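Subject: Structure handover and what I found in it

Dear colleague,

I am passing on the structure that we talked about, and I would ask you to keep it open while you read. My notes on what was found in it follow below.

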Amino acid sequence: MKKGWASVLLCLVMLVVVVGASACPRREAVVEPVAPQPREGGVLRVAITGNPVSLDPALQRDWISRQAIFYMYDTLVWLDEKEQPRPGLAESWEVAPDGLSVTFRLRQGVKFHDGTPFNAEAVKFNYDRMLDPAFNSRNLSIFEPIIAGVDVVDEYTVRFNLKRIDVNFLPEVSWSSMMVSPTAVELHGADFAANPVGTGPFKFKAFEPDSHLELVRNEEYWGGRPYLDGVMVRVIPEAATRLIELEAGNLDVVYTIPAKDYARLEAAGIPVERRKTPSFQMLALNLAKEPTSELAVREAIARAIERDVIIQEVLIGMAEKSRAGVASVSPFYHDDVPIIEHDPAAAERILEQAGWVRGADGIRSRNGVPLEVSILTSEHEERVLISQIVQEQLSRIGFKATVVTLEWGAYLTAMRAGDYHVSFWSLGGFSHLGSDGTANLKSDTHWNVSQIRHQPALAEISKRIDTIIDTAGATIDDQKRFGMLREFQAMSQEHQLKVWLWHSEALNTIQPWVHGARLYNYSIIWVDEAWLAR
Amino acid sequence: MRSYALKRVLLAIPTIIGVITLVFFALHLAPGDPVNMMLPPDLDGPVREEVVARIRAQYGLDQPLLVQYVNYLSRLARLDLGRSFRTNTSIADDLARRIPNTLQLGLLSLAVAITLGVGFGVVSAVRRDTPLDNATMFGALFGVSIPSFWFGFMLMLLFGLWWRVLPPSGFAGPITSWTGFRHAILPALTLGLAAAGALARFTRSSMLDVLTQDYVRTARSKGLAERVVIVRHALKNALIPVVTIMGIQLGAVLSGSVITETVFAWPGIGRYMVTGINTRDFPVIQATVLVVAVSFVLANLVTDLVYAFIDPRIRYD
């Protein structure tokens, strides 16, 4: 009997240890006092969510890679808080009166990390490399339709000849003109990515793929010697691990905080920066497939979705309800374009009038055909949740809705093939000026997510949308261009081409002891003037 | 013995070819186009199909499936694993970087598993039905049942955040250095404790079986010390089923743990495979599956050879 009690006791002790581990109170985060003067030294520890695709800027185009490698490079221009282009490696630039060429005057005396000079030849080398089909740069598909060629005018002047007027050329250059050393490329060839050389404030030291990237100070940085000894970029794919490291004080900057953890971090004294990014989330509707090819059905779907609930429940309020595809801070925003609100009664009325009547099982049908839609989603946790809420909200007004969950690659293929009725779609641009909310509606876009090109009944509308997008893209006058997109937004609402959902915020953390770090519209931290007070 | 080993190695070749053939066709027939993964979804503007076609041609994806398969096999025969679609890096180099990381973690966790699993299993069997036995078996059940990601986070919270005695995650070089070793402790415990649970239960039941055998009684009646009876006579005989389990663990250890490596941000084979799968990086998936297949074949071979060592009655003819 005694033995029996003893073993029960032992088991209980083990249980308490384990449960205690899950319930033990968190240690309070210590906020260091703010130092008045910039301090030299220390390594900034940054966490990103995935392995960078490449350390060669020409071979990547995604946010995560940029968050890893940006500190090694400079761009010709960069966009400031108001999205105006500012001098980077180019001191000034001039757009030709016909808009078909842009001439950059380059900063003199800039050196790559390998000591070779940065000049017009280097710019031409970089762009020729990106435009070479054999090299397969991720920027090729962007620049090929725009850039005809790059000319060296003199040692510090370079001219880009364009195939067409493109108002997004400068914003695009601000994103994808991280300059690499031609000498290093020639030296290392295909292995340049393992030995990256740029002009940026930090130099490459070591890279352990899937683990960390170590950078050290560029003593001769043209923008001034950085305060930090270096930057350590850690790849931590699991959100919970990033939070534990953050709370343990082992990280200074963490990109991409899940909305649900916002309150917890704020309570722990770790500030989270909420940033309205030029992104939009929407329900893509298949315009070429029954029944979403029918206007009444699309209108009913738009009115059945209770966006306020999803924003509160899933995004913990960290999003702005979308009016027509552009956020209210965007210059393309027009408050006179109608916003379509949650109105289930109107949705039911529209369906009744279109002949879709409820059967005994609550599901609507017309001429024996049930009102059935498939909601396609990728496996991402948040998207699955949103799709389930949409399914529930559509069921309430008599839809028979099924959620089809596919792995990301299969999902993209299904989207391209039009194998869906409704799907959550999210895009993030890198500037409000470059994100006009046309949202893949152009008929020849690779990622057209409306299948509009396969719907003859909407051919006229599609043609008009293409014209608006093309004309706007070539209209240099900002005000005129902003106005042109109003027609597009109104058409999108009138024909219910998609259901606009919201504009979500990006949440990033910079610990209070990091000073002088700037976070611009790219959600990329600039650390050339950063210093640590820890 | 040597000819047996050779035969086993040769027999493994059709197994491996079978696995890579299955994986090759399963991958290419499954939905999901690798070219789509190379084009960012936020790509706006006219990407003419020719760009897509060019990428397809560049990676040989425009060829008939059988031709792709034959090309793949012939490259493999030349030990050319190709380059990653996504990162354009040499897969052989990528593997050479990651396999040692996985191995270090795996072997450390195997050491944890064997020490704790066999140790507690023997103690449990010898002290059968005592509180110690009950507690050990409760612990073993716990180790087997709890999901490794949860257990990993609990260790991280305890040792990394609240007590701050160990780094919560990350990799800091080989475990031969003190910093590198400290970083490996929590993931090795996560992997090792789960395996130790299974090992302890197997060891215990196998030992209980052996302890009732006549030769154990004979050994005791000869007046041998209890320690000698347990270790020399009982344990060695009890180890056969345990070694089988260890063999499976060894295979798993060599091919990396997807979950533990992800949770602890450990740059091993498991992480490499997951990224490959998520991005439809065919050459990476094929190469990592090859590694997994070879690991299990190797582990099985080692297991079989160990059988002969611990039980001389087993002969290979």
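Before the notes begin, one term needs care: helices and strands here are DSSP runs, a helix having at least four residues and a strand at least two, and they are numbered from the N terminus. Please also keep in mind throughout that this is a predicted model.

A good place to start is helix H9 of chain B, which spans residues 214-221. Of its eight residues the number buried is zero, so helix H9(B) lies largely in the open. Just after H9(B) comes Gly223(B), whose phi is positive, at about 90 degrees.

Turning to chain A as a whole, you will find 15 helices and 25 strands in it. Its C-alpha atoms fill a box of roughly 90 × 80 × 40 Å when the box is taken along the principal axes. A compact globule with 534 residues would have a radius of gyration near 24 Å, and the 26 Å of chain A agrees with this. Buried residues account for 47% of the 534 residues in chain A, and of the contacts between residues at least 6 apart in sequence, 67% join residues at least 24 apart.

Within chain A there is an open sheet of four strands, in the order E4-E5-E7-E6, with antiparallel pairing. Its edge strands are E4 (90-95) and E6 (147-154) of chain A, each of which pairs on one side only. From one strand to the next, the twist averages 20 degrees. Strand E5 (residues 101-106) and strand E7 (residues 157-162) of chain A pair in the antiparallel sense over five bridges, and in E7(A) the bridge partner of Ser101(A) is Asn161(A). Helix H3 of chain A (residues 120-131) packs on this sheet, where it touches E5, E6 and E7 of chain A, and its direction makes about 165 degrees with that of E6(A).

Is Ala517(A) buried or exposed? This residue sits in the loop between strand E22 (514-515) and strand E23 (518-519) of chain A. Ala517(A) has 20 other C-beta atoms within 10 Å, and because a residue counts as buried from 20 upwards, Ala517(A) is buried. Leaving aside its neighbours within four places in sequence, Ala517(A) is in contact with Ile510(A), Ile525(A), Trp526(A), Val527(A) and Ala530(A).

The last part of my notes concerns the two chains together. In chain A, 51 residues are in contact with 51 residues of chain B. The elements that give two or more residues to this side of chain A are helix H1 (2-23), strand E10 (230-235), H7, helix H13 (408-417) and strand E20 (422-428). Among these, H1(A) gives the most, with eight residues. By class, the residues on this side of chain A divide into 23 nonpolar, 15 polar and 13 charged.

One helix pair across the chains deserves a careful look: the axes of H7 of chain A (residues 239-247) and H7 of chain B (residues 148-162) come within 10 Å and cross at roughly 10 degrees. Angles under 35 degrees count as roughly parallel, and H7(A) and H7(B) are therefore roughly parallel to each other. The contact is made by Ala240(A), Thr241(A), Ile244(A) and Glu247(A) on one helix, and by Phe153(B), Met156(B), Leu157(B), Gly160(B) and Leu161(B) on the other.

With best wishes

Terms used
Residues numbered from 1 in each chain as written. Chains lettered and ligands numbered in written order. Predicted model: local features only at pLDDT ≥ 70, side-chain atom pairs only at ≥ 80, totals over all residues. Pairing = 2+ DSSP bridges. Axes fitted to C-alpha atoms, helices over the stretch in contact; angles between N-to-C directions. Contact = placed C-beta atoms within 7 Å. Buried ≥ 20, exposed ≤ 12 C-beta atoms within 10 Å, placed from the backbone. Parallel < 35°, antiparallel > 145°, perpendicular 65-115°, else oblique. Nonpolar A, V, L, I, M, F, W, Y, C, P; charged D, E, K, R; others polar. Rg over C-alpha atoms; globule rule 2.2 N^0.38 Å.
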